[in-house]
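Got your viewer open? Let's take a walk through this model, one selection at a time.

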Amino acid sequence: AGRQSSEGAVARELEGVGDVVGCTDDPPCPLRAACRLRGALREAQEAFFASLDRFTVQDLAASPTREVLISLGTTAAADGTGPG
């Protein structure tokens, strides 16, 4: 967990793995019983998450990103808008 978590796992947790479109909204889509798009979108969503699985949080927070993230925290602390 933490820095070694895959970005795919983080995205799955934050975004959820539900339908990309509102197939079961109220009212539900009348095409859902015969829809081929729903499966294609689910496959595309998993391919998106799988592409992020190649990276860890640590990978994406490495330099030069690390220094920018640190400076954002310092700036927010200095102006009182965030944690110090």
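Let's begin with the salt bridges: the structure holds 2 of them. Keep in mind throughout that this is a predicted model.

**Stop 1: the charged trio**

Select E46 and R12 and show their side chains. These two form a salt bridge, and their closest N and O atoms are 2.7 Å apart. The pair links distant parts of the chain, with E46 in helix 2 and R12 in helix 1, 34 residues apart. With a relative accessible area of 37%, E46 is partly exposed.

Now add D53 to your selection. R12 forms a salt bridge with D53 too, and here the closest N and O atoms are 2.9 Å apart. R12 lies in helix 1 while D53 sits in the loop between helix 2 and helix 3 (57–60), so this pair ties together parts that are 41 residues apart in sequence. Is D53 buried or exposed? Neither, quite: at 33% relative accessibility, D53 counts as partly exposed. Because these salt bridges share partners, R12, E46 and D53 are joined into one network. In general, side chains of opposite charge can pair when their charged atoms come close.

**Stop 2: where helix 1 meets helix 2**

Switch to a cartoon view and color helix 1 and helix 2. How do their axes cross? They come within 6 Å and cross at roughly 135°. That makes helix 1 oblique to helix 2. To see the contacts, select E7, G8, A11, R12 and E15 in helix 1, then E46, F49, A50 and L52 in helix 2: the two groups meet here.

**Stop 3: Q45 and the loop**

Stay in helix 2, which covers residues 37–52, and pick Q45. Buried or exposed, this one? Q45 counts as buried because its relative accessibility is 15%, and the cut-off for buried is under 20%. Leaving aside residues up to four places away in sequence, Q45 touches G16, V17, G18 and V20.

Click on V20 next. It is found in the loop between helix 1 and helix 2. Apart from residues up to four places away in sequence, V20 touches L41 and Q45. Try a distance label from V20 to R42 as well: C-alpha to C-alpha, they are 7.0 Å apart in space, though 22 residues apart in sequence.

**Stop 4: S5, ahead of helix 1**

Go back toward the start of the chain and select S5, in the segment before helix 1 (7–15). Which residues does S5 touch, not counting those up to four places away in sequence? They are V10, F55, T56 and V57. Label Q58 too: the C-alpha atoms of S5 and Q58 are separated by 8.1 Å, and the two residues are 53 apart along the chain.

**Stop 5: a nonpolar patch**

Turn on the surface and highlight V68, L69 and L72. Together these make a nonpolar surface patch of about 280 Å². V68 lies in helix 4, residues 65–79. V68 is partly exposed, with 47% relative accessible area.

**Last stop: zoom out**

Finally, show the whole chain. You'll find 4 helices and 0 strands, and from the N terminus on the elements run α-α-α-α. Of the 84 residues, 11% count as buried. The accessible surface comes to about 6,400 Å², with 59% of it belonging to carbon and sulfur atoms. As for contacts with a separation of 6 or more, residues 24 or more positions apart account for 70% of them.

Technical notes:
Residues numbered from 1 in each chain as written. Predicted model: local features only at pLDDT ≥ 70, side-chain atom pairs only at ≥ 80, totals over all residues. Heavy atoms only, no water. Buried < 20%, exposed > 50% of the residue type's maximum accessible area, 1.4 Å probe, protein only. Contact = heavy atoms within 4.5 Å. Patch = residues over 30% accessible without salt bridge, like charges linked within 9 Å, V, L, I, M, F, W, Y side chains within 5 Å. Areas by Shrake-Rupley, 256 points an atom, 1.4 Å probe, with all protein chains shown as cover. Salt bridge = Lys/Arg side-chain N within 4 Å of Asp/Glu carboxyl O. Axes fitted to C-alpha atoms, helices over the stretch in contact; angles between N-to-C directions. Parallel < 35°, antiparallel > 145°, perpendicular 65-115°, else oblique.
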